[in-house]
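Q: Please take a close look at the spaces within this protein model, closed or open, and at what surrounds them. I would also like to hear about the ligand site, and a little about the strand pairing.

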Amino acid sequence: MNNTLQAVAASYRLGQRLLIDRVSVSLQPGEMVSLIGPNGAGKSTLLRMLAGFLSPSEGHCLLEKRATERWPRDLLAQKRAVMRQQSHVEFPLTVREVVTMGRAPWPGRAKPSMIDDVMQLTGSDVLANRDYRQLSGGEQQRVQLARALTQLWHDDGPQGWLFLDEPTSALDLYYQQHALRLLHQLTRKGQLTVCCVLHDLNLAALWSDRMLLLHQGCLVASGTPQTVMTEETLTRWYQAELHVHHHGDVPQIILQR
Ligand SMILES: Nc1ncnc2c1ncn2[C@@H]1O[C@H](COP(=O)(O)OP(=O)(O)OP(=O)(O)O)[C@@H](O)[C@H]1O
Ligand SMILES: [Mg+2]
């Protein structure tokens with residue numbers, strides 16, 4: 001239990017507004033967890049709080065039993081990486097340079113072979129010499145995934161806690177499958193935990209071990225995709241009209257016309 005990342009009755013307040021309302025959750029090593037919920041539910045805020053960018057106004061966020069705000073910044077950056085909903089680069093950098101920036105928290109020069117491996121795995125190798133700012137939205141997302149994985153890379157693969165805010169929102173079908181398969185596969189070794197905000201619940205259901213459903217800052221449902229993705233739960237919290245079908249043990253949604 002020492003090697004977990006936990007929120008314990010954690011709230012986040014901004015002025016009068018309670019953006020996160022007493023959320024308790026624990027992420028285990030090797031898990032792939034998706035954070036779902038309607039627009040404005042607080043997913044990005046909770047992700048940033050779990051990742052240690054925001055300190056809870058009440059309650060605690062603990063990484064390996066120590067409050068995230070008490071971790072030295074450089075050590076924390078070697079343990080967890082974050083891919084944000086939007087990432088801008090101000091300067092004319094090549095894709096390879098952007099990916100290499102993931103090594104900033106580590107001493108010494110980045111091993112070129114490590115950068116090559118991660119770029120190849122994420123499909124950003126074909127973009128290596130392009131100016132990052134000229135890439136399409138989906139191409140930029142592939143590169144940001146590579147940068148985040150690079151930050152956590154060790155000799156035998158990534159280790160630690162990887163937080164991703166809508167990492168597939170701009171990806172085409174091929175790269176949606178490619179990115180989530182890759183992340184899922186990397187978590188199976190038990191050394192990487194992935195916590196990922198996803199709006200596409202069908203993608204979330206295919207690759208998540210667990211889903212956390214947020215609504216107005218509260219955690220209102222959590223469990224396997226089979227337990228969370230029911231017509232009753234989704235209709236109640238999203239107010240959308242839908243059917244849930246089962247492909248083997250994987251629930252998939254079809255919206256009603
Ligand atoms: N800096 C801020 N000032 C005021 N309100 C904020 C701020 N940041 C977030 N909020 C509000 O907090 C709520 C939660 O925001 P958050 O970005 O976490 O939602 P989300 O679940 O990620 O939504 P989306 O699916 O649209 O990305 C929203 O109502 C948002 O307007
Ligand atoms: Mg968001």
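A: Happy to. A cavity here is a set of grid points where a 1.4 Å probe fits but cannot get out. Please keep in mind that this is a predicted model.

With that meaning, the structure holds one cavity of 30 Å³ or more, and its volume is about 90 Å³. Thirteen residues form the lining, and those nearest the centre are Leu 145, Pro 167, Leu 171, Tyr 175 and Ala 179. Two elements, H5 and helix H6 (173-187), give two or more residues each to this lining. Of these central residues, Tyr 175 and Ala 179 fall within the span of H6, while Leu 145 falls within that of H5 (137-151). The biggest contribution comes from H6, which provides six residues. Sorted by class, the cavity lining has eight nonpolar residues, four polar ones and one charged one.

Now to the open spaces. The largest pocket has a volume of about 340 Å³. It is lined by 19 residues, and closest to its centre are Val 82, Arg 84, Ser 87, Gln 144 and Arg 147. At least two lining residues come from strand E6 (80-83), and at least two from helix H5 (137-151). You can place some of the central residues on these elements: Val 82 sits in E6, and both Gln 144 and Arg 147 sit in H5. E6 has the largest share, with four residues. H5 is worth a second look, since it contributes at least two residues to the lining of this pocket and two or more to the lining of the cavity. By class, the lining of the largest pocket divides into nine nonpolar, six polar and four charged residues.

The second largest pocket holds about 220 Å³ of space. Its lining consists of 15 residues, with Glu 64, Lys 79, Gln 159, Gly 160 and Trp 161 closest to the centre. Helix H2 (73-79) and strand E9 (160-165) each give two or more residues to this lining. Lys 79 belongs to H2, and Gly 160 and Trp 161 belong to E9. The largest share, three residues, comes from H2. This lining is made up of five nonpolar, eight polar and two charged residues.

Next, the ligand site. Around ligand 1 there are 14 residues, and the ones that come nearest are Gly 40, Lys 43, Ser 44, Thr 45 and His 199. Some polar contacts can be followed atom by atom. On the backbone side, an N or O atom of Gly 40 lies 2.8 Å from an oxygen atom of ligand 1, and a polar backbone atom of Gly 42 is 2.9 Å from a ligand oxygen. For Lys 43 the side chain takes part, with an N or O atom 2.7 Å from an oxygen atom of ligand 1. Taken alone, ligand 1 exposes 640 Å², and the protein buries 61% of that area. Strand E2 (17-27) and helix H1 (43-50) each bring at least two residues to the shell. H1 supplies the largest share, three residues, and Lys 43, Ser 44 and Thr 45 lie within its span. The shell contains four nonpolar, seven polar and three charged residues.

E2 leads us on to the strand pairing. It belongs to an open sheet of four strands in the order E2-E1-E4-E5, with antiparallel pairing. The edges of that sheet are E2 and strand E5 (66-67), each of which pairs on one side only. So besides giving residues to the shell around ligand 1, E2 is an edge strand. At the other edge, E5 runs antiparallel to strand E4 (residues 58-63) and is joined to E4 by two bridges. Within that pairing, Leu 62 has Ala 67 of E5 as its bridge partner.

Finally, there is a hairpin to look at. Strands E11 (residues 210-215) and E12 (residues 218-223) run antiparallel and are joined by five bridges. His 215 faces Cys 218 in E12. Two residues lie between the strands, and Gln 216 takes a positive phi near 45°.

Key: Residues numbered from 1 in each chain as written. Chains lettered and ligands numbered in written order. Predicted model: local features only at pLDDT ≥ 70, side-chain atom pairs only at ≥ 80, totals over all residues. Heavy atoms only, no water. 1 Å grid on protein atoms, 1.4 Å probe; cavity = no way out; pocket = protein on both sides within 12 Å on 5 of 7 lines; lining within 4 Å. Points joined across faces, edges and corners; volume = space filled by probe spheres on them. Nonpolar A, V, L, I, M, F, W, Y, C, P; charged D, E, K, R; others polar. Near = heavy atom within 4 Å. Polar contact = N/O pair within 3.5 Å; in protein donor to acceptor, adjacent residues only side chain to side chain. Areas by Shrake-Rupley, 256 points an atom, 1.4 Å probe, with all protein chains shown as cover. Pairing = 2+ DSSP bridges.
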